[in-house]
Amino acid sequence: MIREVLTMSFRFRALRLPLAALSASLGLVCLSAQSAQALPFFGKKPEAGTKAPSAKGAPRGQAPRNSLVEAPLPQAATAEQSARAKPATAKERQAARSLDMINQASFWLGELEKNPADDEAALEGSIALRRIGSSERAIQLAAMGLQVKGESPQLWSALALGLVASGENQPALQALQKAVSLNPKDPNLHSALGVIYDRLERADLAAPAYEAALKLAPEDAGILSNYGLSIAMTGDLKKAEDMLRRANQSPLAPPQARQNLALVVGLQGRFEESERLATRDLPPAVASENVAYLKAMLNGGENRWSQLRQEKIN
């Protein structure tokens with residue numbers, strides 16, 4: 001089963017680097033083997049680039065100009081073309097998953113040219129396209145797959161992540177809610193739902209989503225990290241620190257968890273400890289600049305911290 005990881009992390013102004021090493025898909029830690037969509041603390045909100053899904057789950061939109069895969073979307077093949085084109089074997093498809101993302105996108109688009117009703121190719125292609133920055137096309141492919149397999153939680157998740165990447169938070173919420181309804185036992189879907197609620201500045205709804213995720217996976221470091229950061233954004237830094245330390249007890253804790261802990265520790269004025277934590281994943285100079293920025297921010301007083309908390313969602 002394909003799993004995506006959706007992550008939240010704060011972003012410092014120092015060198016415009018995220019405090020956490022970015023992951024992502026999926027990222028929005030919560031839905032595959034790789035981190036994906038980080039939700040930075042600072043930065044401009046992305047411009048809307050897609051329309052909400054239709055009743056059939058098929059949003060419409062133009063491919064972004066900076067798409068790294070410029071091949072046209074698959075069209076229905078003629079009977080003669082279908083007869084000549086053979087889909088890749090299971091072995092060939094498995095091998096394709098080890099390619100770089102650009103070549104993966106090309107491979108799956110090719111499979112869809114052979115058979116536009118290939119829901120596996122639509123799912124894999126959507127993931128690859130989103131990871132190379134072609135989020136609107138990723139949405140289109142996920143929607144194509146849903147026309148064939150409308151009850152697939154994986155395709156609804158892929159659609160949601162594409163919408164997240166395009167800044168379409170409300171439609172992404174609807175897609176994730178559908179995915180959760182189809183697969184309520186997946187803790188990563190619940191955690192992703194919490195991330196979306198945080199993006200919509202609904203901490204009251206984010207907390208129950210994270211709690212539901214932790215009931216299914218109590219020691220999942222990615223979920224604990226997302227929840228800890230969510231708590232920090234409400235201003236309860238002590239509780240956030242406890243949650244993030246719990247996340248970091250896991251040997252599988254992602255860099256996001258360590259860096260988010262560094263931030264929360266620094267926000268409480270423990271700068272030397274914050275810098276020590278940060279240098280585990282960041283160059284010392286960057287960690288030092290981030291701590292210097294924290295000091296300057298906190299010297300601005302409580303009003304400045306409150307203002308920055310309001311700017312937390314990218």
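Q: What makes two rings an aromatic pair here, and how many pairs are there?
A: Rings of Phe, Tyr and Trp pair if their centres lie within 6.5 Å. By this rule, this predicted model has two aromatic pairs.

Q: Why is the pair F107 and W108 called edge-to-face?
A: Planes over 60 degrees apart count as edge-to-face. The planes of F107 and W108 sit at 85 degrees, with ring centres 4.9 Å apart, so the pair earns that label.

Q: What makes W108 count as buried?
A: Buried means under 20% relative accessible area. W108 comes in at 0%, so it's buried.

Q: What makes the pair Y210 and Y227 stacked?
A: The cut-off for stacked is planes under 30 degrees apart. Y210 and Y227 have 25 degrees between their planes and 5.1 Å centre to centre, so they fit. This pair links distant parts of the chain: Y210 belongs to helix α9 and Y227 to helix α10, 17 residues apart.

Q: Are Y210 and Y227 buried or exposed?
A: Y210 has 0% relative accessibility and Y227 has 5%. Both values fall under 20%, so both residues count as buried.

Q: How do you know that the span of helix α7 is close to the one expected?
A: Helix α7 runs over residues 169-182 and has 14 residues. At 1.5 Å a residue, 20 Å is expected, and α7 reaches 20 Å from its first C-alpha to its last.

Q: What do the buried residues of α7 pack against?
A: They pack against α6 and α8. Among those buried residues are L173, L176 and V180, and L193 touches these three.

Conventions:
Residues are numbered from 1 along each chain as its sequence is written. This is a predicted model: local features need pLDDT of at least 70, side-chain atom pairs count only at pLDDT 80 or more; totals for chains, interfaces and linings use all residues. Side-chain values use heavy atoms; hydrogens and water are left out. Helices (H or I, at least four residues) and strands (E, at least two) are DSSP runs, numbered from the N terminus. The expected span of a helix is 1.5 Å times one less than its number of residues. Buried means under 20% relative accessible area, exposed over 50%, partly exposed in between (1.4 Å probe, protein chains only). Contact means heavy atoms within 4.5 Å. Rings of Phe, Tyr and Trp (its six-membered ring) pair if their centres lie within 6.5 Å; planes under 30 degrees apart count as stacked, over 60 as edge-to-face and the rest as tilted. Lists of a residue's contacts leave out its neighbours within four places in sequence.
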